[in-house]
Amino acid sequence: MEETVLMESIMGLIVHSGHTKSECMEALQLAKKGQIDAAKDKIKLANEALIEAHHSQTGLLSQEARGEKVEVSMLLIHAQDHLMNAITFRDLAQEMIELYERIKGE
């Protein structure tokens with residue numbers, strides 16, 4: 001895999017995963033204030049960023065599936081770690097927003 005393309009994919013993973021986590025953090029802060037609809041809107045933005053992160057990952061997986069060697073580096077491992085954390089954080093944020101919504105409704 002060409003070095004530039006690999007770096008673009010890795011950086012796409014890091015940037016979009018970070019954006020996902022940031023949107024989720026903002027969503028939690030909004031939910032904490034009782035702004036549930038705004039929090040859900042932030043989760044939608046987080047999901048869009050997560051899709052972009054997955055596109056970067058899919059590019060790497062497709063290269064590997066075609067038999068093209070993808071150089072595993074600490075940066076790639078770091079990027080994958082960011083993606084997994086973003087997914088987990090998004091899932092937990094969604095659960096917490098539902099809890100805040102339930103508390104607000106009582």
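Me: In this predicted model, where contact means heavy atoms within 4.5 Å, with which residues is Leu50 in contact, leaving aside its neighbours within four places in sequence?
Reply: Leu50 belongs to the largest nonpolar core, which also includes Leu83 and Ala86. Both of these core members are contacts of Leu50 once neighbours within four places in sequence are set aside. The full set of such contacts of Leu50 is Thr20, Leu83, Ala86, Ile87 and Arg90.

Me: Which elements give two or more residues to the largest nonpolar core?
Reply: This core has twelve residues, including Leu6, Ile10, Leu13, Ile14, Leu60, Val70, Leu76 and Ala79. Apart from it lies another core, of eleven residues, among them Ala31, Ala39, Ala46 and Ile97. For the largest core, the elements that contribute two or more residues are H1, H2 and helix H3 (74–105).

Me: Are H1 and H2 roughly parallel or roughly antiparallel to each other?
Reply: Helix H1 (residues 3–32) packs with helix H2 (residues 36–65) at an angle of about 165 degrees, and their axes are 8 Å apart. Since angles over 145 degrees count as roughly antiparallel, H1 and H2 are therefore roughly antiparallel.

Me: How many nonpolar, polar and charged residues are in the contact of H1 with H2?
Reply: The crossing of these two helices, H1 and H2, is left-handed. Divided by class, the residues of the contact of H1 with H2 are 16 nonpolar, eight polar and four charged.

Me: Is H1 roughly parallel or roughly antiparallel to H3?
Reply: H1 and H3 pack with their axes 8 Å apart, at an angle of about 20 degrees. Because angles under 35 degrees count as roughly parallel, H1 is, with respect to H3, roughly parallel.

Me: How many nonpolar, polar and charged residues does the contact of H1 with H3 have?
Reply: H1 and H3 have a left-handed crossing. By class, their contact is made up of 19 nonpolar, five polar and three charged residues.

Me: Is Ser9 buried or exposed?
Reply: Ser9 has its place in helix H1, and, leaving aside neighbours within four places in sequence, Ser9 is in contact with Ser56 and Leu60. Its relative accessible area is 12%. Because buried means under 20% relative accessible area, Ser9 counts as buried.

Me: How far apart in space are Lys21 and Glu2, C-alpha to C-alpha?
Reply: Lys21 is found in helix H1 and, at 40% relative accessibility, counts as partly exposed. In sequence Lys21 and Glu2 are 19 residues apart, and in space their C-alpha to C-alpha distance is 29 Å.

Definitions and conventions:
Residues numbered from 1 in each chain as written. Predicted model: local features only at pLDDT ≥ 70, side-chain atom pairs only at ≥ 80, totals over all residues. Heavy atoms only, no water. Axes fitted to C-alpha atoms, helices over the stretch in contact; angles between N-to-C directions. Helix = DSSP H or I, 4+ residues; strand = E, 2+ residues; numbered from the N terminus. Parallel < 35°, antiparallel > 145°, perpendicular 65-115°, else oblique. Left-handed = near helix turned anticlockwise from the far one by under 90°. Nonpolar A, V, L, I, M, F, W, Y, C, P; charged D, E, K, R; others polar. Core = buried A, V, L, I, M, F, W, Y, C linked by side-chain atoms within 4.5 Å. Buried < 20%, exposed > 50% of the residue type's maximum accessible area, 1.4 Å probe, protein only. Contact = heavy atoms within 4.5 Å.
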